[in-house]
Amino acid sequence: MKKITILLFAFFTGVLVNAQDINDAVRYSNTSIEGSARFRAMNGAFGALGGDLSAVNVNPAGSAVFNNSFASFTLNSNRNTSETNYFGEFNTRKSNTIDLSQVGGVFIFRNYKEGAKFKKFSLSLAYDQIGNFENEWNATGTNGNNTIGNYFLNYAQGLRLDEISAFPGESTGDAYTEIGNAFGFDHQQAFLGYDSFILEPDTFDDDNTGYTSNISGGNYRQQYAYNSTGYNGKLAFNAATQYNDNIYFGLNLNSHFLNFEKRTFLFESNNNDGSIVKQAVFENTLRTIGTGFSFQLGTIAKVTDGLRVGLSYESPTWYTLEDETTQYVETLRDDGGENVVKITDPNVITLFPTYRLQTPAKLTSSFAYVFGEKGLISLDYSVKDYSKTKFKPENETYFSDLNQFMSNTLTTATSLRLGGEYIINQFSLRGGYRYEQSPYEDDEIVGDLTGFSLGLGYNFGNTKLDLAYDRAQQDRNQSLYNVGLTDRANINNTTSNITLTLGFNL
């Protein structure tokens, strides 16, 4: 069983807690309603339409568009493919998941009072998955510039030796725990490097603060594996109304919950002259759980018999999050001509203090034209300023610096979603396109996302069955670590989904 250490006072002593970074902020801020099959077949362009339970998560006024009480549930099969280029070598990894991605119901209450301005009221409760964290990618190549030794060296330089080393007779787990509680994350990383013989102190005096790496310069054969699982879910409590014949208003109160788990594994080997450490394994796991709250306001107006316009505002999501990590290092070194394996396994779960994340708000304007009973075309345009993302408490030094870094690195991103539907008797043919700008000022880090969708629906009367296929592609340059070994893997990521929804009148 793993021991548990809790960094209880990390926020109150100015110690840097590095479990959180800009990648986490973007991951939890960059949400997308996955939704019902009809919704996905039109790539989510429903802000001026409503009449779909997933559309309520784009514009809360959409629930009042329903003519009858309605319920639906959705199964989704997701396939994620990552093609990686690392120093000229290519790898492909694929992962698959099947999820219940949407379930909900709406209840319609008509006002039959003669002359009433408010014609209809609606109440709905709907769950939608807004993030699927399932992802795998591998990076394999020969790095002639950088080694994992630099990761540990960057953390160790300037730290006292007696603050990153175990007492005589002290176990690895106890030393890792005590160092973490006394000094924080940076010292723990330096301890891993020193205990595994990757780091060599200039002297063995307690007050020594200078270090070199026992991995010499040259070429390094590196194999890096990334695997993540989890989801981001949203439960929306909705109320809406129809005013006269042409205007709809709505409100959502949203409860968010997420679960994210990431494991990274690096194996590095070298035959460099003078290198004492010939092989190194570095393994990390991170698990994040959390809850959050947000609200949405929206309106839809029928300008003419065919033209619809919509406007919606989604507040920031205020998350409360908790992280836990584990780490493992293993080295093979040349000790006077003999190969010696050193395992530094603290066997400890580190629990970080609860912290908060505020994601950016989102504004969506929508336009649609309905061609009577024949079909429709719809467009949504959204704006989201990712530079407003904030970790809290903001008076903590690390979070203050990270927030400033995000303000300079992230930018305002727009997204465009276009969808259409053509009806032939009981059949509906659907298609869509979406474009989302990168949240990064430098889109070489994460590129723009493009995608398309297709779908088919059949109306049995009181029951509807819908099927959709959608596909999206995005490029990114992912650094292996944020410190030291910061070389980037070029990743082309493609996600494809098959979605099936059963809906029925209540």
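A residue counts as partly exposed when its relative accessible area lies between the limit for buried, under 20%, and the limit for exposed, over 50%. Leu-251 has a relative accessible area of 35% and is therefore partly exposed. This residue belongs to a predicted model, and its place is in strand β9.

**Overall make-up**

The protein has 506 residues, of which 53% count as buried. It contains 6 helices and 23 strands. Along the principal axes, its C-alpha atoms fill a box of roughly 95 × 45 × 40 Å. The exposed area is about 21800 Å², and carbon and sulfur atoms supply 54% of that area. Among contacts with a separation of 6 or more, 73% are between residues 24 or more positions apart.

**The nonpolar patch**

Leu-251 is one of the residues that make a nonpolar surface patch of about 880 Å². Others in this patch include Leu-125, Phe-237, Trp-318 and Leu-363. Strands β9 (247-269), β10 (277-302) and β11 (307-314) each supply at least two residues of the patch.

**Two arginines and a leucine**

The table sets Leu-251 beside two arginines.

| Residue | Element | Relative accessible area | Class |
|---|---|---|---|
| Arg-27 | helix α1 | 18% | buried |
| Leu-251 | strand β9 | 35% | partly exposed |
| Arg-356 | strand β15 | 41% | partly exposed |

Arg-27 lies in helix α1, which covers residues 22-29. Its 18% relative accessibility is under 20%, so Arg-27 counts as buried. The side chain of Arg-27 makes a polar contact of 2.7 Å with the side chain of Asp-24. Leaving out residues up to four places away in sequence, Arg-27 touches Phe-133, Tyr-226 and Phe-260.

Arg-356 is found in strand β15, residues 355-358. Beyond its neighbours within four places in sequence, Arg-356 is in contact with Tyr-319, Thr-320, Lys-390, Phe-391, Lys-392 and Pro-393. Gly-292 is 64 residues from Arg-356 along the chain, and the C-alpha atoms of the two are separated by 9.3 Å.

**Helix α4**

Helix α4 runs over residues 172-183 and has 12 residues. At 1.5 Å a residue, helix α4 should span 16 Å; its end C-alpha atoms are 16 Å apart, so the two values agree. The buried residues of α4 are Gly-173, Ala-175, Tyr-176, Thr-177, Ile-179 and Gly-180. Just after α4 comes Gly-184, which takes a positive phi of about 105°.

Note on methods:
Residues numbered from 1 in each chain as written. Predicted model: local features only at pLDDT ≥ 70, side-chain atom pairs only at ≥ 80, totals over all residues. Heavy atoms only, no water. Helix = DSSP H or I, 4+ residues; strand = E, 2+ residues; numbered from the N terminus. Buried < 20%, exposed > 50% of the residue type's maximum accessible area, 1.4 Å probe, protein only. Contact = heavy atoms within 4.5 Å. Polar contact = N/O pair within 3.5 Å; in protein donor to acceptor, adjacent residues only side chain to side chain. Patch = residues over 30% accessible without salt bridge, like charges linked within 9 Å, V, L, I, M, F, W, Y side chains within 5 Å. Areas by Shrake-Rupley, 256 points an atom, 1.4 Å probe, with all protein chains shown as cover. Salt bridge = Lys/Arg side-chain N within 4 Å of Asp/Glu carboxyl O. Expected span 1.5 Å × (residues − 1).
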